[in-house]
Each structure stands twice: as C-alpha cells, then as structure tokens.
Amino acid sequence: MAKAPAKKKDECINCFVIMPISSQPGYDSEHFTHVYEDIIKPAISLAGMVPVRADETANTNLIQLDILRKVIESDIAICDMSAKNPNVFYELGVRQAFDKPTVLMIDDETNAPFDVSSLRYVDYKRGMKYRDVNSAVARLAETLKDTYSKKDDLAEINSLIRLMELTSPAQLTQVELSDEDRTEKIHELQISELTNMIQQLQMSQNEIIDSMAIDRKMLKREDNNRKGDSEMTFQEFLKGAKKKGSVPPPPHEW
C-alpha cells in the first residue's frame, strides 16, 4: 500500500479535477455532481491532497485562462473520461502534452477511448451503490498516492509522452510583457469571454422564443379543437331536438 505523499510544512498538494461539469446526454442532471461529491472529493482528501475543480475557482473573469493554468501547473490531476465529453479530453490532452501526473477514471458503461486504453485507469460503477462508492474511493485514493509518489520515475507510464517514448514534453515559454501589453491581453480575454457569454445568452433567448411560439401554436390548435367540438355538440343537439319536435319555430313563424 502506497504511503501518503510526504509534505513539507504548510505545503498543499493540489489535485485538479478534470470532469464533466454540466449535465451530459444519457445521465441524470446531477450525476457528475454526485460523482465529484461522493467519490472524487473524498478520495483526494483521503490521499492527503486538496481538491480543485474549475467551477470552484474564484477568478470568474478569466475562467478559461485560469482553467488552463491549473491544468498545466497543478501537482496532480484526476480526469473522469465518462460520457466522453470533448472539453474533458481537450484538457486531458493539454495535461498529457506536458507529461504531468494524471489519474484516469471512467464508469463501467463508457468504453475507454483507444488513445488512452493502454494507460492505467480506475473504473467505477455508474449506479453508485453504497459499497461500490466506498470501493471506488479507496482505489482512487490509493492510485493517487501511488501516481504522485512515482511522478519523477521515468519508467512509470503515466502519459502518452512516456508511452510513445517522446524525448521531451511540451514546455511553457516565458514571455516578458510590458504592463501595457499585459493589460491589453487581459482586455482581449475579457472581451472574448463576454462575447461567448452574450452568444450563449442569445442562443438561450432564441430557444425560449421558439419554445413560446410552439406553445402558442399548440394552445391555438387546442382552442380551435374546443370550438369545433362545441359547434358539433350544438349542431347535434339541434338535430336531435328537431327529430323530437321540441325545437321552437323561428320568430317569423310566431
């Protein structure tokens, strides 16, 4: 059994969590929230590390930049490949390119992608029954400790970089920017983020308008059907009354 990672005084080992955050097709809306709260977060704490997830970041203005920084710079990461979410694989690809220690996990109803099927990963039951959750937490915590303890061991196959025996992982280039250039870059990122938010709001607005138009058409159709039924009922009443001779003559025959 691997020991908990050795830590210096006041040193925290941050474990960044790469996983679907929003609801995914074929899954309950809160499914991955439960996976995080019941499996991933307890396993990270059990391993003596600090869980960090993208939606828990305090920096909301530059969330994309902040996520990428955490993907690259975090001491270790967990990646849940369940549901095969594109954003998850994008962040995993970045992490793999820098040959950073990463623990992969996947539920029992998702087939592991071919590109990473040769790497070690922790599986868990999608149904998340009590015993299954406890087992997943224990195995994930153990894998986290083992992976982190061997992060500098080149013989440990933890990424595609090592699997393919590439000479060196990607490196961040240090670029010196003036205060003016840095401010300009930040403004560009903020504008880009705001543009994306506006586009998402417009899409949501269009969906609401389309939904309202459909609802109006359905209500109109139902109203027409009710009117038709009422007219039919009245005509049938008159027809039946005439047969019985109980219909009064029109006013001009009085």
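## Exercises on side-chain contacts

There are 6 salt bridges in this structure, which is a predicted model. Let's work through a few of them, then head for the core.

**Exercise 1. Find the salt-bridge partner of Arg126, and say which ring its charged end sits over.**

Step 1: Start with the acid. Arg126 meets the side chain of Glu109 in a salt bridge, at 3.2 Å from N to O.

Step 2: Place both ends on the chain. Glu109 is in the loop between β4 and β5, Arg126 is in the loop between β5 and α4, and the two are 17 residues apart, so this pair links distant parts of the chain.

Step 3: Check accessibility. Glu109 counts as exposed because its relative accessibility is 56%, over the 50% cut-off. Arg126, at 22%, is partly exposed.

Step 4: Now the ring. The charged end of Arg126 sits over Tyr27, 3.8 Å from the ring centre.

Step 5: Follow Tyr27 onwards. Tyr27 forms a tilted aromatic pair with Phe32, 5.0 Å centre to centre and with 45 degrees between the planes. Both of these residues are buried, and a search of the whole structure finds just this 1 aromatic pair.

**Exercise 2. Work out which residues are linked with Asp146 in a network of salt bridges.**

Step 1: Take the pair with Lys150, whose side chain meets that of Asp146 at 3.3 Å, N to O.

Step 2: Add the remaining member: Arg120 joins Asp146 and Lys150 in the network.

Step 3: Compare burial. Asp146 has a relative accessible area of 16%, which is under 20%, so Asp146 is buried. Lys150, at 31%, is partly exposed.

**Exercise 3. Decide whether Cys12 and Cys15 are buried or exposed to some degree, and count the disulfides.**

Step 1: Cys15 has a relative accessible area of 0%, so Cys15 is buried.

Step 2: Cys12 comes in at 49%, and therefore counts as partly exposed.

Step 3: The disulfide count for the structure is 0.

**Exercise 4. Describe the largest nonpolar core and what Ile39 touches.**

Step 1: Size it up. This core has 28 residues, and Ile39, Met105 and Leu140 are among those with the most contacts inside it.

Step 2: See where the residues come from. Elements giving two or more residues include α1 (31–46), β4 (102–107) and α4 (130–149).

Step 3: Zoom in on Ile39. Beyond four places in sequence, its contacts include Met105, Tyr124, Val137 and Leu140.

Note on methods
Residues are numbered from 1 along each chain as its sequence is written. This is a predicted model: local features need pLDDT of at least 70, side-chain atom pairs count only at pLDDT 80 or more; totals for chains, interfaces and linings use all residues. Side-chain values use heavy atoms; hydrogens and water are left out. A nonpolar core is a set of buried Ala, Val, Leu, Ile, Met, Phe, Trp, Tyr and Cys residues joined through side-chain atoms within 4.5 Å. Buried means under 20% relative accessible area, exposed over 50%, partly exposed in between (1.4 Å probe, protein chains only). Helices (H or I, at least four residues) and strands (E, at least two) are DSSP runs, numbered from the N terminus. Contact means heavy atoms within 4.5 Å. Rings of Phe, Tyr and Trp (its six-membered ring) pair if their centres lie within 6.5 Å; planes under 30 degrees apart count as stacked, over 60 as edge-to-face and the rest as tilted. A charge sits over a ring if NZ of Lys or CZ of Arg is within 6 Å of the ring centre and within 35 degrees of the ring normal. A disulfide is a pair of cysteine sulfur atoms within 2.5 Å. A salt bridge is a side-chain nitrogen of Lys or Arg within 4 Å of a carboxyl oxygen of Asp or Glu.
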